[in-house]
Amino acid sequence: MACLGVFVAYLPVTTVSVSLPAIQRALGASTSQLSWVSDAFVLPMAALILTTGVWGDVHGRKRVFQVGMACCALGAAVSLTSDSVPWLWAGQAASGLGAAALLPTTLALISHAVPDHRERGKFIGLWAMSMLASLAVGPLIAGLLQEHVGVRWIFLLPVPVSLVVLVVAAFLLPDSRAPHGRRLDWPGQITAAVAVTSVVYGVIEGGADGFGAPPVVAALVLGAVSAVAFVVVERRSSSPMLDLALFRSPAFAATSLVAMISFLGLIGFFFVLSLYFGLVQHLTTLEAGLRMVLVSGTSLVVGVPVGRLMHRVSARVMITGGLVVMAGSLLSLTGIDAGTSYGSLAWRLVLLGVGIGAVLTPMTASAVSAVPYHLAGMAAAGNNAFRQVGGALGPAVLGALLTTRAVGALPDRLADAGVPAETGGRVLAAARDQGLGAAAGLDLGPATEPALTALGGSFLDGLRLCLTVSASLALLAALACALLLRPAAPAGRPSPAAGSTPAPADGVSAQELQRTP
């Protein structure tokens with residue numbers, strides 16, 4: 001049930017990413033609106049994942065799991081019937097809420113069912129591979145459905161799968177709760193949600209309207225103030241949503257930072273790569289999916305031996321090495337252009353998949369195993385929250401960089417291509433107001449072909465900047481992992497007979513990690 005849950009939760013990530021050019025054409029969306037198509041899903045997942053983790057601890061993880069599956073089915077059904085961008089945002093948001101309920105709940109269910117940390121690592125590996133399997137099949141599903149029925153049908157599969165899993169879970173899934181009493185932390189939830197939403201909104205709109213625009217400045221200031229308020233209220237809360245003492249564990253701190261940075265680069269990379277396939281190489285969704293599956297498919301294959309090596313090779317070595325490989329592959333992708341062949345692109349994408357596969361499973365397992373057993377649910381939710389915050393910021397940050405750099409380079413590219421000044425002005429205005437996709441759709445008569453060449457060149461300028469930033473983020477995450485992640489004696493499950501507190505992990509005392517109201 002945990003593997004099926006995470007499969008459904010992550011299915012919209014790559015099905016939507018690879019379909020962005022088709023969605024843009026079908027709904028007439030701008031680049032900024034396209035960013036929100038991705039972030040409408042990731043944002044509620046990032047903002048609410050800690051709250052749903054607490055709900056599972058308090059009210060039972062089985063119940064929250066079922067609510068999450070129902071939200072995924074509802075969100076997919078709304079997206080399936082959408083005929084406008086706001087309607088699609090609504091469906092994506094409902095699916096994101098369902099994913100927020102599923103991610104911490106599925107990991108907590110595994111931690112409850114498999115208390116031994118060595119045995120638990122195998123099941124967390126299966127959980128991570130299910131996530132990668134979802135990312136791998138998503139582009140192929142999207143491509144095949146668009147080839148035969150249409151872009152909206154990419155949202156069909158989660159509906160029957162969610163409903164079937166929902167029914168089966170009612171009979172087969174055992175329930176569990178946190179062994180220590182918890183309650184909802186509304187001040188923490190509100191400040192966290194406002195902080196994440198404000199920052200993502202500010203970054204997306206800043207890329208479209210400029211970071212000096214008053215609404216953008218106000219959003220970023222509100223995000224910073226809310227983040228500080230979150231830290232203050234969590235330190236004072238008797239039942240915090242995210243106990244800040246968890247960060248005294250170097251392993252938890254390192255894996256959370258790695259999760260946020262790596263997913264910022266990774267999800268942002270999928271966003272800009274899908275636009276490259278559509279706007280520069282003019283590929284169909286299926287052709288783009290066959291290329292993107294090289295990343296997630298390789299990650300899935302690599303995840304199998306990585307899961308077996310987790311108890312022979314330290315997580316520090318695997319995660320750091322994987323991040324360095326990711327950085328190298330991203331830098332190698334800066335050499336692609338409009339005419340790059342499948343073979344030339346394939347080895348770069350396979351190399352990226354190898355790096356991701358080496359990072360994902362040990363990163364998740366280290367975060368959960370770095371703290372005492374009774375805090376495994378909170379640690380899982382916290383690690384997933386940082387991952388999804390990075391995932392939400394990815395399309396926002398890289399989309400803003402892409403738009404800013406591409407539009408800035410466009411005048412020179414148009415002039416070099418020999419596009420007349422008046423026609424170039426139309427292209428530039430369309431790119432600024434409606435995005436590069438809208439500019440590429442203009443009928444400019446004899447100037448259409450050189451204008452498309454100029455647009456492709458300016459897009460590649462923006463893409464190379466995004467790839468360089470993503471590679472730098474991966475190297476930063478590798479440095480953080482090398483400095484902070486240390487081997488630790490994982491905490492075991494408390495003996496029911498003794499009723500004692502679990503052994504501390506990573507040099508953090510049980511008193512520091514457990515607050516008693």
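This report describes a predicted model of one protein chain, moving from the whole fold to selected residues.

## The chain as a whole

The secondary structure of the chain consists of 18 helices and zero strands. Of its 517 residues, 60% count as buried. The accessible surface of the chain comes to about 19,100 Å², and carbon and sulfur atoms account for 67% of that area. Contacts within the chain often link distant parts of the sequence: among those between residues at least 6 apart, 82% join residues at least 24 apart.

## Helix 5 and a buried serine

Helix 5 covers residues 85-113, which gives it 29 residues. From its first C-alpha to its last, helix 5 reaches 42 Å, close to the 42 Å expected at 1.5 Å a residue. Helix 5 is also mostly covered, with 21 of its 29 residues buried.

Ser79 belongs to helix 4, which is formed by residues 61-80. The relative accessible area of Ser79 is 1%, and because buried means under 20%, this residue counts as buried. Leaving aside residues up to four places away in sequence, Ser79 touches Leu88, Gly91, Gln92 and Phe155.

## A network of charged side chains

How many salt bridges does the count come to? The count comes to two. One of them is formed by Asp461 and Arg413, whose closest N and O atoms are 2.9 Å apart. Asp461 lies in helix 17, whereas Arg413 lies in helix 14 (residues 376-416), so the pair ties together parts that are 48 residues apart in sequence.

The other salt bridge joins Arg464 to Asp461, with the closest N and O atoms 3.8 Å apart. Both of these residues lie in helix 17, three residues apart, which is about one turn of the helix. An α-helix has 3.6 residues a turn, so residues three or four places apart point the same way.

Through their shared partners, these salt bridges join Arg413, Asp461 and Arg464 into one network. The members are covered to differing degrees: Asp461 is buried at a relative accessible area of 14%, Arg413 is partly exposed at 30%, and Arg464 is partly exposed at 28%.

## Aromatic pairs

The model has two aromatic pairs, and the table sets out their geometry.

| Pair | Arrangement | Centre to centre | Angle between planes |
|---|---|---|---|
| Phe247 and Phe386 | edge-to-face | 5.7 Å | 85° |
| Tyr276 and Phe277 | tilted | 5.5 Å | 50° |

Why does the pair of Phe247 and Phe386 tie together separate parts of the sequence? Phe247 lies in the loop between helix 9 (214-236) and helix 10, and Phe386 lies in helix 14, so the pair ties together parts that are 139 residues apart in sequence. Phe247 is partly exposed, with 31% relative accessibility. Phe386 is likewise partly exposed, with a relative accessible area of 22%.

Are Tyr276 and Phe277 buried or exposed? Tyr276 is buried, with a relative accessible area of 0%. Phe277 also counts as buried, at 0% relative accessibility.

## A nonpolar patch on the surface

Five residues, namely Leu257, Leu476, Leu479, Leu483 and Leu484, make a nonpolar surface patch of about 430 Å². Which helix gives the most to this patch? Helix 17 (residues 448-484) does, contributing four residues. Leu483 is placed in helix 17. The relative accessible area of Leu483 is 55%; because exposed means over 50%, Leu483 counts as exposed. Helix 17 therefore appears in two parts of this account, since helix 17 holds Asp461 of the salt bridge with Arg413 and also gives the most residues to the nonpolar patch.

## An unusual backbone angle

His282 is found in the loop between helix 10 (250-280) and helix 11 (285-309). The phi angle of His282 is near 55°, a positive value in a residue other than glycine. Most residues other than glycine have a negative phi. His282 also counts as exposed, at 55% relative accessibility.

Key:
Residues are numbered from 1 along each chain as its sequence is written. This is a predicted model: local features need pLDDT of at least 70, side-chain atom pairs count only at pLDDT 80 or more; totals for chains, interfaces and linings use all residues. Side-chain values use heavy atoms; hydrogens and water are left out. Patches are made of residues with over 30% relative accessible area and no salt bridge: like charges are joined within 9 Å, nonpolar side chains (Val, Leu, Ile, Met, Phe, Trp, Tyr) within 5 Å. Accessible areas come from the Shrake-Rupley method with a 1.4 Å probe; for residues, only the protein chains shown count as cover. A salt bridge is a side-chain nitrogen of Lys or Arg within 4 Å of a carboxyl oxygen of Asp or Glu. Buried means under 20% relative accessible area, exposed over 50%, partly exposed in between (1.4 Å probe, protein chains only). The expected span of a helix is 1.5 Å times one less than its number of residues. Contact means heavy atoms within 4.5 Å. Rings of Phe, Tyr and Trp (its six-membered ring) pair if their centres lie within 6.5 Å; planes under 30 degrees apart count as stacked, over 60 as edge-to-face and the rest as tilted.
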